[in-house]
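Trainee: I would be grateful for a close look at one place where two helices pack together. Please take me through it step by step.

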Amino acid sequence: MAVVLEIAQLYPGPLAGRLLKEWGFRVVKVEPPGGDPLRRMSPTLYQWLNEGKEVVYLDLRLAEDRGRVLDLAKAARAVLTSFRRGAAERLGISYEAVKEVNSDVFYVALVGYRERDLPGHDINFAGLAGLIADKPTIPQCVDVASGLMAAFAVAAAVASGRRGYVEIPMENVAYMLNLLNFAALRDLGALPLDGRYPFYNVYKCASGLVALGAVEEKFWRRFCDVIGREDLKERMYDPTAVDEVRREVERRGCGELISAAERLEVPLSPVRDIVEASGRLPPLGELFGGRTQAGQRIKAHSPYEIMSRSDKELVEALNRQLNYELRNAYLYLSMAAYFDGLSLGGFAHFFKVQANEELKHALRFYNHLVERGWKVELYDIPKPKSGWGSVLEAVEDFYNAEVENTKRIWELVDLAKAKGDKATESFLKWFVDEQVEEEKLAAELLAKVKLAKDSPAALLTLDNLLAQRKE
């Protein structure tokens, strides 16, 4: 799977990353220690844009953390940033810096202006490109279009094997949004879709508003049939006909008009306010990842991803590890039941949390297999051990299971390297780091239990301590 390193905050960059995630890329997002500011500004939008990404918290002002970013860039097929040019250079994440560690990378820089290195937001770029008049527009069109453009650039580069640096000024994107109108000014000296003509307008009906988009003459003629005004069919480009259409429409109910328009296949739709539209928001998977005729999400693989697929041996090894994680979850849940039976609720809570961790690990392997287009195999899980001679014996089994897991992860890393599967090797790096923590956790618990084994009071103190483990 192609890896995209996203070093971006707020809206356009993270939107591009989410789109790429939905279309088969693995996206690793770098956030400052306090998190992306969007977390505080809009927790909902933050979740929508960043769900499914792997988030790493790094302070780019620190040399050590800048080094970690460059380490991440080594495994990336593409890097996506949304810093001003000077800031990217100052923070050590410019294309020149990344190219030093990964000469094959494709680097997309979302910047504000074409020639100036100044801050800016959607309203600034929209204003430059003639998208607004005397007040801000409600949708942040430039932000969204910039995210789409950045995602397209990455996907196209990966598909074609391109590398190097591409800059996407949001100012340019804003101009692109108005291309049709710029062309109309040159060709006609006027804007035919600005509401001056009756065929493209918003009209008030008895119970609300409707939008008419009868750009083609056949649709305009059908609309005249809907409102019973055959005499207007030849007045499609007559500005004075707007008021006549308005009077006809406001006498009718919106439902009546829309039903008649649907029967005659006229492009007429209700105009919803933002609250009503919010209640009809499609599933996010559809918004970001597309849908089939049956309403199912499309799973697409880029040529880069397909070319990087390894052989059956690696797939089988990944499936074995997935099932081993499930086996450990089963074992740790059994340990929790054992400790609940001893009235050691703190130990029981500790192992319930640990069982849940193993389930999450299993899901990571599951998702990796699915995203690569490989088959997931779930095996029979043998009945776990359900009784132990002592607290120490149970914790020793926990420690041994984690030591074995570390060994298995390293064997997987070696296999991925031998197969030349960079995507799986990069995927496993998280587990290498995780197992260091897991094995340390098990070793520390084992040491404490050994110290407390002959002291019921010490064991109860440890039990109270384990009850505080966060889920």
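The following answer describes one helix pair and then turns to a second pair and to confidence.

Mentor: Please keep in mind that this is a predicted model. Two packed helices are described by the angle between their axes and by the distance between those axes. The pair to examine is helix α18, residues 345–371, with helix α21, residues 456–466. Their axes come within 7 Å and cross at roughly 40°. Because of that angle, α18 is oblique to α21. The contact of α18 with α21 comprises five nonpolar, three polar and one charged residues. The crossing itself, as α18 passes α21, is left-handed. On the α18 side, the residues that take part are G345, G346, F347, H349 and F350. They meet L459, L462, D463 and L466 of α21.

A second pair may be set beside this one. Helix α1 (residues 12–22) and helix α3 (residues 43–50) have axes that come within 7 Å and cross at roughly 40°. This angle therefore makes α1 oblique to α3. Here P14, L15 and R18 of α1 meet Q47, W48, L49 and N50 of α3. By class, four nonpolar, two polar and one charged residues form the contact of α1 with α3.

Finally, a word on confidence. The protein chain has an average pLDDT of 89, and 96% of the residues score at least 70. Over residues 297–310, however, pLDDT stays under 50. For that stretch, residues 297–310, the model has 42 contacts beyond four places in sequence.

Terms used:
Residues are numbered from 1 along each chain as its sequence is written. This is a predicted model: local features need pLDDT of at least 70, side-chain atom pairs count only at pLDDT 80 or more; totals for chains, interfaces and linings use all residues. Side-chain values use heavy atoms; hydrogens and water are left out. Axes are lines fitted to C-alpha atoms, for helices over the stretch in contact, and angles run from 0 to 180 degrees between N-to-C directions. Helices (H or I, at least four residues) and strands (E, at least two) are DSSP runs, numbered from the N terminus. Angles under 35 degrees count as roughly parallel, over 145 as roughly antiparallel, 65 to 115 as roughly perpendicular and the rest as oblique. A crossing is left-handed if the near helix is turned anticlockwise from the far one by less than a right angle, and right-handed if clockwise. Contact means heavy atoms within 4.5 Å. Ala, Val, Leu, Ile, Met, Phe, Trp, Tyr, Cys and Pro count as nonpolar, Asp, Glu, Lys and Arg as charged, and the others, Gly among them, as polar. pLDDT is the predictor's confidence in each residue, from 0 to 100.
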